[in-house]
Amino acid sequence: MRTATPRTARAINDRLALDLLLERGPLTAPQIRELTGLSRPTVSDLVERLREGGLIEVTGESEEVRRGPNARLYGIVADRAHVAGVDVRRGAVGITVADITGRAVGSAARPLEPGADLVETVAGALAEAAGALSVHTVVLGAPGLFHPSTGSLLADNGVPGWRPDLPQALRRRIGAPVTLENEVNLAAVAEHRTGSARGCEDFVLLWLDDGVGGAVVLGGRLRHGASGGAGEVGWLRLSGTPLCDLVGAAAVRDLDPDTLAARIAEVAFAAVAVLDPGLVVLGGTTGRSGGEALAERVGEHLAALSPAPTRVRPSAVEGNAVLRGAVFTALAAAHRDVFGGLSG
């Protein structure tokens with residue numbers, strides 16, 4: 001059996017400490033030792049190594065420890081890198097810029113008019129949100145079916161100014177890597193990190209808005225499918241009627257709560273019957289506004305359709321779930337690059 005080399009072991013320990021600092025905020029060396037189980041000399045070495053590398057810094061002193069080296073609080077150097085999440089809808093572009101700890105440091109929004117140059121619109125909004133900051137990574141979320149390998153759009157998404165080479169053109173324009181992802185998938189990432197699916201390895205997100213879609217997380221990983229179509233429940237038909245015409249925002253506006261819940265349960269049943277995720281999260285405007293009351297009604301109707309126990313919960317992500325998921329995805333890429341990819 002092969003064992004880790006000293007260099008690999010150091011890299012693993014460093015990333016372990018960095019992940020703890022990202023999750024919990026500033027910690028003292030004794031706290032790092034307690035949380036990691038590493039020895040005093042090992043923690044002393046990694047703290048010095050990370051300080052010399054410009055990754056952590058002393059941010060203050062703990063009030064629980066007497067003054068001295070053990071009282072020093074170490075935190076991530078927040079401005080080591082910045083990332084951007086971009087939400088491209090059919091009528092607007094929204095952007096959030098965050099430092100490497102995930103703290104938002106800038107935002108911008110611009111309308112998207114027919115005939116607009118989408119690359120210039122996004123680049124302009126990004127420049128406004130970032131100001132003088134340099135952006136390490138950009139993750140762009142948009143409606144549509146994107147092939148997971150090529151990033152190509154497989155059907156018209158209705159976004160004004162969309163072009164097949166949008167990620168590449170935007171990368172050339174801003175000088176930073178750009179990753180493209182379906183917007184509902186990004187909302188699922190946010191739900192998994194901070195919302196109703198936090199701590200769940202398996203769940204399905206149903207996106208109930210002007211458009212209808214879904215996202216699948218299994219084994220703690222977002223699943224795209226062979227061509228990017230995993231979770232696209234909007235393609236399904238009930239008695240020959242497209243789901244968008246049954247549970248889209250316009251279709252449900254005047255429905256009574258029980259009829260609405262019954263329709264959503266039929267949509268959820270398709271995912272439950274195939275995937276048995278154990279949890280269905282209701283997102284989008286309809287899912288969020290319906291809250292716990294709607295989720296409970298959907299759960300009751302779903303239980304009558306499927307013997308598989310399935311919880312139904314409304315989205316609990318604060319703010320724009322697509323933007324939050326885009327930022328989380330961009331942060332994961334920046335952490336791998338800046339901190340190393342051995343864990344986290």
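Trainee: How much area does the protein chain expose, and what share of it do carbon and sulfur atoms supply?
Mentor: This is a predicted model, in which local features need pLDDT of at least 70, side-chain atom pairs count only at pLDDT 80 or more, and totals for chains, interfaces and linings use all residues. Residues are numbered from 1 along each chain as its sequence is written, and side-chain values use heavy atoms, without hydrogens and water. Accessible areas come from the Shrake-Rupley method with a 1.4 Å probe, and for residues only the protein chains shown count as cover. The exposed area is about 16,700 Å², and the share from carbon and sulfur is 49%.

Trainee: What percentage of the residues count as buried?
Mentor: Buried means under 20% relative accessible area, exposed over 50%, and partly exposed in between (1.4 Å probe, protein chains only). Of the 344 residues of the protein chain, the buried share is 46%.

Trainee: Is G199 buried or exposed?
Mentor: G199 lies in the loop between α6 (183-194) and β8 (203-208), where helices (H or I, at least four residues) and strands (E, at least two) are DSSP runs numbered from the N terminus. Its relative accessibility is 73%, so G199 counts as exposed.

Trainee: How far apart in space are G199 and G124?
Mentor: In sequence, 75 residues separate G199 and G124. From C-alpha to C-alpha, the distance between them is 37 Å.

Trainee: What share of the contacts with a separation of 6 or more comes from residues 24 or more positions apart?
Mentor: Contact means heavy atoms within 4.5 Å. For the protein chain, that share is 62%.
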